[in-house]
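New to this one? Take a look at the sequence and the model below, and then let's walk through the strands together.

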Amino acid sequence: PCNGFTQAIQDPSFELGPLSWSTVGAPIRTNLFASDGNWSVLLGGYYNANDLIGYHFTVPYWTETAALYFDELMISDGPISYNPYYGILYIQIVDGTTGGTKLVNSYLDNTQGRYGWAHWRIPIPNAWLYRGHELGITFDGVTSFPSSWFIDNTRLYLACGNSVANEDAQI
């Protein structure tokens, strides 16, 4: 029986550039802040931003559990109260094989901590049901106020046997 895992995202810290990610809007690979290595991706940072990065992968036939891990840094001078105009980072995982069914639909807003890296874990529910399916991960920074979202150290662990290792935060 299988008892292991793999990390499916190529260049998870953007050290080689966002070569394996698709983009919409104006996401920027930057060395201004990084939680791992020297680079991260900036979403937003200007008025009326709608910047998106996306990654596609095929779920291996042996997958039993899966989880997305990433580091996020939010910088904003906007008020610390929920208001979608001040900035939202949407995190989605969709099933492209079935026409875009959302498996994960999460977000972080401007009430999250600022000016320090946060480490997040988002499990993919019932991952074994998607063996052989093409899934897509998106990070979409949307704001009317100039909030900035930095994304780094994105990892997608696919595992069989023992469950995916826990980390220190979960959305």
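## Two strands zipped together

Start with S5 and S10, which run antiparallel and are joined by ten bridges. If you want a place to put your finger, try alanine 49: across from it in S10 stands threonine 143.

Now zoom out a little. S5 and S10 belong to an open sheet of five strands, and reading across it gives the order S2-S5-S10-S7-S8, with antiparallel pairing. At the edges stand S2, covering residues 22–24, and S8; each has a single partner strand, so one side of each is left without a neighbour in the sheet. On average, and ignoring direction, neighbouring strands here are turned by 15° against each other.

## How far to trust it

Keep in mind that this is a predicted model. The average pLDDT for the chain is 86, and 89% of the residues score at least 70. One stretch to treat differently is residues 166–171, where the pLDDT is below 50; even so, the model gives this stretch 20 contacts beyond near neighbours in sequence.

## Strand S6 and its partners

Is S6 largely enclosed or left open? Count its residues: ten of the eleven are buried, so S6 is largely enclosed by the rest of the structure.

S6 has company, too. Ten bridges tie S6 to S11, and the two run antiparallel. Within that pairing, threonine 65 has alanine 159 of S11 as its bridge partner. S6 is also joined to S9, again antiparallel, through six bridges. There, alanine 67 is matched with proline 123 in S9.

## The nonpolar core

Which residues have the most contacts inside the largest nonpolar core? They are Leu68 and Phe139, in a core of 31 residues. Plenty of strands chip in: S4 (40–44), S5 (49–58), S6 (65–75), S7 (88–95), S8 (101–109), S9 (118–123), S10 (134–143) and S11 (148–160) each supply at least two residues of this core.

Leucine 68 is worth a closer look. Setting aside neighbours within four places in sequence, leucine 68 touches a list of residues that includes Ile9, Ile91, Ile93, Trp120, Ile137 and Phe139. Arg121 and Arg155 are among the contacts of leucine 68 as well.

## Glycine 4, close to the start

Glycine 4 sits in strand S1, which spans residues 4–7. Buried, exposed or partly exposed: which label fits glycine 4? Its relative accessibility is 27%, so glycine 4 counts as partly exposed.

Here is where the fold brings distant parts of the sequence together. Glycine 4 and alanine 159 are 155 residues apart in sequence, yet their C-alpha atoms are 5.7 Å apart in space. Leaving out neighbours within four places in sequence, glycine 4 is in contact with Leu158, Ala159 and Cys160. You have already met alanine 159 as the bridge partner of threonine 65.

## Arginine 29 and its reach

Arginine 29 has its place in strand S3, residues 28–30. With a relative accessible area of 28%, arginine 29 is partly exposed. Along the chain, arginine 29 and valine 41 are twelve residues apart, and 4.4 Å separates their C-alpha atoms.

What does the side chain of arginine 29 reach at 2.7 Å? One answer is the backbone oxygen of phenylalanine 14. Another is the backbone oxygen of glutamate 15, which lies 2.7 Å from a polar atom of the arginine 29 side chain.

Notes. Residues are numbered from 1 along each chain as its sequence is written. This is a predicted model: local features need pLDDT of at least 70, side-chain atom pairs count only at pLDDT 80 or more; totals for chains, interfaces and linings use all residues. Side-chain values use heavy atoms; hydrogens and water are left out. pLDDT is the predictor's confidence in each residue, from 0 to 100. Contact means heavy atoms within 4.5 Å. Helices (H or I, at least four residues) and strands (E, at least two) are DSSP runs, numbered from the N terminus. Buried means under 20% relative accessible area, exposed over 50%, partly exposed in between (1.4 Å probe, protein chains only). A polar contact is a pair of N or O atoms within 3.5 Å; within protein, one must be able to donate a hydrogen and the other to accept it, and residues adjacent in sequence count only if both atoms are side-chain atoms. A nonpolar core is a set of buried Ala, Val, Leu, Ile, Met, Phe, Trp, Tyr and Cys residues joined through side-chain atoms within 4.5 Å. Two strands pair if DSSP finds at least two bridges between them. Axes are lines fitted to C-alpha atoms, for helices over the stretch in contact, and angles run from 0 to 180 degrees between N-to-C directions.
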